[in-house]
Amino acid sequence: MPIINRSDLLQLSVADRLELIEDLWDSIPANSLSLSQEQHDELDRRLAAAQKNPDAGVTWEQLKSRYQSR
């Protein structure tokens, strides 16, 4: 495998870097990631809260728009 250094990666376009990140993330087997019991509990709590009040959050588009306007 060829060695790629950081400066080479930073020369990639943002779109290419995001694609690389996605490819790297997808290459990690799901069963190799483990969560603590506290993390499981927090995810369950957040899911229950979102299901109880689905209008409490904002959409991805709303969030993106908010930060792009800064």
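Of the 70 residues in this chain, 0% count as buried. The model is a predicted one, and the figures discussed here are computed from it. A residue is called buried when its relative accessible area is under 20%. The surface that the chain exposes comes to about 6,900 Å², and carbon and sulfur atoms supply 56% of that area.

The overall architecture may be considered next. The secondary structure consists of 4 helices and 0 strands, and from the N terminus on the order of elements reads α-α-α-α. For 70 residues the globule rule gives 11 Å, whereas the radius of gyration of the chain is 18 Å, well over that value; the chain is therefore more spread out than a compact globule. The C-alpha trace spans about 50 × 40 × 15 Å along its principal axes.

The distribution of charge forms a further part of the description. The chain carries 8 positive and 12 negative charges, and the mean positions of these two sets lie 11 Å apart. On the surface, a patch of negative charge is formed by Asp16, Glu19, Glu22, Asp23 and Asp26.

One member of this patch, Asp26, can be followed in greater detail. Asp26 is located in helix α2, which covers residues 14-26. Is Asp26 buried or exposed? The relative accessible area of Asp26 is 54%; because the term exposed applies to values over 50%, Asp26 is classed as exposed. Membership of a patch requires over 30% relative accessible area and no salt bridge, and Asp26 belongs to the negative patch together with Asp16, Glu19, Glu22 and Asp23.

Technical notes: Residues numbered from 1 in each chain as written. Predicted model: local features only at pLDDT ≥ 70, side-chain atom pairs only at ≥ 80, totals over all residues. Heavy atoms only, no water. Patch = residues over 30% accessible without salt bridge, like charges linked within 9 Å, V, L, I, M, F, W, Y side chains within 5 Å. Areas by Shrake-Rupley, 256 points an atom, 1.4 Å probe, with all protein chains shown as cover. Salt bridge = Lys/Arg side-chain N within 4 Å of Asp/Glu carboxyl O. Lys, Arg positive; Asp, Glu negative; His and termini not counted. Charge placed at Lys NZ, Arg CZ, Asp CG, Glu CD. Helix = DSSP H or I, 4+ residues; strand = E, 2+ residues; numbered from the N terminus. Buried < 20%, exposed > 50% of the residue type's maximum accessible area, 1.4 Å probe, protein only. Rg over C-alpha atoms; globule rule 2.2 N^0.38 Å.
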